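Q: I would like a close look at a single part of this structure, taken slowly and in connected prose. Could you pick one helix and walk me through its surroundings?

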Amino acid sequence: MHTEIAAVATKARLQKSLVFTSLAHHINSTKLWDMLQKITPSTSAGIDGQSVKQAKEDYATWSEAMLKAMHNKGYHPPPARRVYIPKPGKDEKRPLSIPTVQDRCLQKAVTDVLNNIYEQDFLECSYGGRPGRSAHQAVVNLKEAISTKKVNWVFDADLKNFFGSLNQDWVMQFLGHRVGDPRIIALIRRWLKAGVMEGDKHIPSEQGTAQGGPVSVLISNLYLHYVLDLWIEKVVKPRLKGYVYYVRYLDDFVLCFEHKSDAERIK
């Protein structure tokens, strides 16, 4: 299995326009179990109330049914449980969506497989939700750029309500550049549409992605790779006069400039 998934990463790195049409077979009972072991035991339960401990005890039963449904394109993810957590330093609260443990397990498995493709595509400027790329590294590299490069002006921004407002149709178009397996495509589309439960009320989703599940982090990086990262690298930087440094951590990003006119043009 390790050799097969490593081959996916190699192909993705060497063939930048290759569309992978067979990926779901990498998601099997062993992969699901490995992902379940990586879920923190204290992780909150989803709408079914099942704990990580219970999911492990009942693994043989639910995993077989889940895998069969997924491979037949018949898996329908349950809505996530919506909670609100405080935003540091603000009165408003951030909506957080908690998938069931079983669904979180499948999300982690799919994300793990797709990471072998997208880690070959994503740019060095992006951090957050990527293997081996932490917030600490982003801050260190930003500080180094400001202190050692031709940086005189800094533009700091975040994307308001990004997770709640991104365009789902564009997500699917971006996904199609590299993923052509109909089982994976069906899964991503259904995760986008699954919506959330607030108390006893089901709120379907027509835009955005539910912040809180593993796949939502991958979706956010995929979306901003095409919408923001490549735009800055391919379109913006060649049109500016001086040095530019760009770093992004999920939906927060910083641009550093040599010239004030470049910073104002970006704004």
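A: Happily; here is a walk around one helix, followed by a short tour of the loop and strands.

Please keep in mind that this is a predicted model. The part to look at is helix α8, which covers residues 168-176. Its axis and that of helix α10 (residues 214-236) come within 10 Å and cross at roughly 80°. An angle from 65 to 115 degrees counts as roughly perpendicular, and α8 and α10 are therefore roughly perpendicular to each other.

Which residues make this crossing? On the α8 side they are W170, V171, F174 and L175, and they meet I219, L222, Y223, Y226 and V227 of α10. Sorted by class, this contact has 9 nonpolar residues, with no polar and no charged ones.

Now turn to burial within α8. Its buried residues are Q168, V171, M172, F174 and L175. They span an arc of only 160° around the axis, which places them on the same side of α8. A general point helps here: an α-helix has 3.6 residues a turn, so residues three or four places apart point the same way. The cover over the buried residues of α8 includes α10, and also α5 (101-118) and α9 (182-193).

From α10 you can step back to the loop between β6 and α10, where T209 lies. With a relative accessibility of 8%, T209 counts as buried. Leaving out residues up to four places away in sequence, T209 touches F163, L166, L192, S216 and I219. I219 is also one of the α10 residues that α8 meets.

On the other end of that loop is β6, which belongs to an open sheet of 4 strands with mixed pairing, in the order β2-β1-β5-β6. β6 (201-203) is an edge strand, as is β2 (93-98), and each pairs on one side only. Neighbouring strands in this sheet are turned by 40° against each other on average, direction ignored. Strand β5 (residues 196-198) runs antiparallel to β6 and is joined to β6 by 3 bridges. There, V196 stands opposite I203.

Finally, consider strand β8 (residues 252-257): 5 of its 6 residues are buried, so β8 is largely enclosed by the rest of the structure. β8 pairs in the antiparallel sense with β4 (residues 153-158) over 6 bridges, and with β7 (residues 244-249), also antiparallel, over 6 bridges. F253 of β8 stands opposite A157 and is the bridge partner of R248. The hairpin of β7 and β8 has 2 residues between the strands, and L250 takes a positive phi near 50° in this hairpin.

Terms used. Residues are numbered from 1 along each chain as its sequence is written. This is a predicted model: local features need pLDDT of at least 70, side-chain atom pairs count only at pLDDT 80 or more; totals for chains, interfaces and linings use all residues. Side-chain values use heavy atoms; hydrogens and water are left out. Two strands pair if DSSP finds at least two bridges between them. Axes are lines fitted to C-alpha atoms, for helices over the stretch in contact, and angles run from 0 to 180 degrees between N-to-C directions. Angles under 35 degrees count as roughly parallel, over 145 as roughly antiparallel, 65 to 115 as roughly perpendicular and the rest as oblique. Contact means heavy atoms within 4.5 Å. Ala, Val, Leu, Ile, Met, Phe, Trp, Tyr, Cys and Pro count as nonpolar, Asp, Glu, Lys and Arg as charged, and the others, Gly among them, as polar. Buried means under 20% relative accessible area, exposed over 50%, partly exposed in between (1.4 Å probe, protein chains only). The arc is that of the directions from the helix axis to the C-beta atoms.
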